[in-house]
Structures are given as C-alpha cells and as structure tokens.
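User: I would like to learn how to read aromatic ring pairs. Please take me through them.

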Amino acid sequence: MRKGVLEYCILSLLSKADAYASDIIAELKSVQMIVVEGTLYPLLTRLKNDELLSYRWEESSQGPPRKYYALTDKGSAFLQELDQSWSQLVVSVAKIQQKN
Amino acid sequence: MKKTISIHIAGRAFFIEEEAYENLQAYQQKLENWFRKRESGAEIIEDIEARMSELFAAQTPANGVITADKVREVIETMGQPEDFSEAEEEKAGDTEGARESTSSQLPLRIRKRFFRNIDDKVFGGVCSGLAAYLNMNTLLVRIIFVLLPFFSVGAVFPVYLVLWLVVPAARTTAQKLEMRGENVTVSNIERMIREQYEKVRAKF
C-alpha cells in the first residue's frame, strides 16, 4: 500500500520537473514519505524498466554526472490514471469516515 | 594513530579509516548479495553507491578522512537491503518472496559444464571431459570414439577437432569442479587442491 503511494508521489514529483535521485529523496524526506533512502532506488529502477520513467546523464558542477529522471509519455498517461483513482479513493474514504 | 586507505566510490576519491573501510565493504557485500539475483540489481547497486559517494562528499571536508562513525551514519541513512526490498516484494506476492528467500539460503545449484579435461588427455582431453560430463567411464568413451569410424561414422574426426577447438579446457580448480558437477565451494576447492598435492607427491 505504502509502496503504491510512494510510486504515485515519485511520478507526481517528476511531472512537475525532471529530477535526480537525491532531489527526489530530499522532497520525499521533507514530507516523511520515506525513512531509509535505499527504498527509492529499486523503485526508480523498476519504474524505469516499466518505461514509465526515462533518465539521462547530466554533468554536474560538483562531482560526477548525475542521473536525471523524467516522466515518459507512458508515465504521464499512467499518472493521470493514478490521479483519478487517488481522488476517487480519497472521496470514498472520506464518505466512510463521515458515516462513523 | 590510525591507518587510512584511499578509495574510489562512484568516481570520487576518498580517504577512509581502515575500520570504516571494513564496515563499508561489509555493507557493500550485503547489497551485492541481496541484489545480485534481482532484476537490474547491478544498476540499483550503482545508484546506491553514487548516492553514498555524494553523502560522503557532502559530509567530509576537503581532504578529510571518512571515519567509522560517518560510515555508520551513511549506512543508517541508506538502510539495510532487507528493509527496503522487503516492502518492494509484498507487491510481487508473498509466496514468491518466500520462495526466493529460501532459495537464496540454499547453496548454489550444482551446474555441470562440459570442459576438456587436460589433466587426463590423449589429444585434447575431449573424451575424458565428455565422460565426466556424461558420468561415463573415460576409457569407454575413448573406445566408442575410436570404434565409430568403423561403423561408418567417420564424421567423428572433424567432430573431435571442432570440440577440441570450441570446448574450453578446465584450467582453474573451479572449472574442474564444474566439469565434475561438484559445487564450487571453498571446502571442495580445498579438497581438490589437497588431492592434487597428494598426486604430485606420489610421483616423487
């Protein structure tokens, strides 16, 4: 469950701007979505293998080149679907909470 | 006074205390064991290393030395592989995760390979290698090879030559064990070396 939400967060983040792994980590940490950083890498690789993300190498002023991730077309389409099911989910949960 | 080692992590050079280096290596080995069999494992390890390198660079001053505390801190930040991969696998289904974890505990499956046995050869060791592969008597395989042309299977000559060229010779101890279909484990390699030692000693 949490994993699915985490994926959703990553895709949402990348829909706003391309980012490299450490940017994504900083964002997710600031909202307490991840505890250990290692969680992110298998996820990113899997999303990339599923062709939802792509990456490119970009030179950095400090240190070696960085892997910048970007949303693919397939990724954006998938994200739109997720957006919809997320809002639906929120509405459903809210309704149930109100009943109690 | 502490000894330091100079290392490279993902394209950056560092000095690291010896103890810290050992801890770091142990962690890396753990990652390696964990991800080796998983899809895109090498890539994930590479990404994690790049991140660790970045963390070290950000937290140690120029020409500074990475201490054991720093290594502990960075490892804590990254987390243990079982922490972050476990959650990953619940998605793939519990049964699959369970199967994978039991299989990784078992010793590696014995994989037999066809090597030329150059320790016991007439020409290229093809027959004795084939005998080891098929669990047959070496002499029997040789007799079959010699007799085949008489039963109008003359093709056996070129076949032998091609096998000689194509099949690798079992040179290392690990290859010799693989040829016999034995597990490449430290104890087996040790046993093999002892046997060879005994053989050489018997000659003198």
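Analyst: What follows is a short reading of ring pairs and their surroundings. This is a predicted model, in which local features need pLDDT of at least 70, side-chain atom pairs count only at pLDDT 80 or more, and totals for chains, interfaces and linings use all residues. Residues are numbered from 1 along each chain as its sequence is written, chains are lettered from A and ligands numbered from 1 in the order written, and side-chain values use heavy atoms, without hydrogens and water.

User: What describes a pair of aromatic rings?

Analyst: The distance of the centres and the angle of the planes describe it. Rings of Phe, Tyr and Trp (its six-membered ring) pair if their centres lie within 6.5 Å; planes under 30 degrees apart are stacked, over 60 edge-to-face, and the rest tilted. The count over all chains is nine aromatic pairs. One of them is tilted: A:Tyr8 and A:Trp86, at 5.5 Å centre to centre and 45° between the planes.

User: Where in chain A do A:Tyr8 and A:Trp86 lie?

Analyst: A:Tyr8 is in helix H1 (residues 2-16) and A:Trp86 in helix H4 (residues 73-99), 78 residues apart, and the pair links distant parts of the chain. Helices are DSSP runs (H or I, at least four residues), numbered from the N terminus.

User: Is A:Tyr8 buried or exposed?

Analyst: Buried means under 20% relative accessible area, exposed over 50%, and partly exposed in between (1.4 Å probe, protein chains only). A:Tyr8 has 12% relative accessibility, so A:Tyr8 counts as buried. A:Trp86, at 36%, counts as partly exposed.

Notes. Helices (H or I, at least four residues) and strands (E, at least two) are DSSP runs, numbered from the N terminus.
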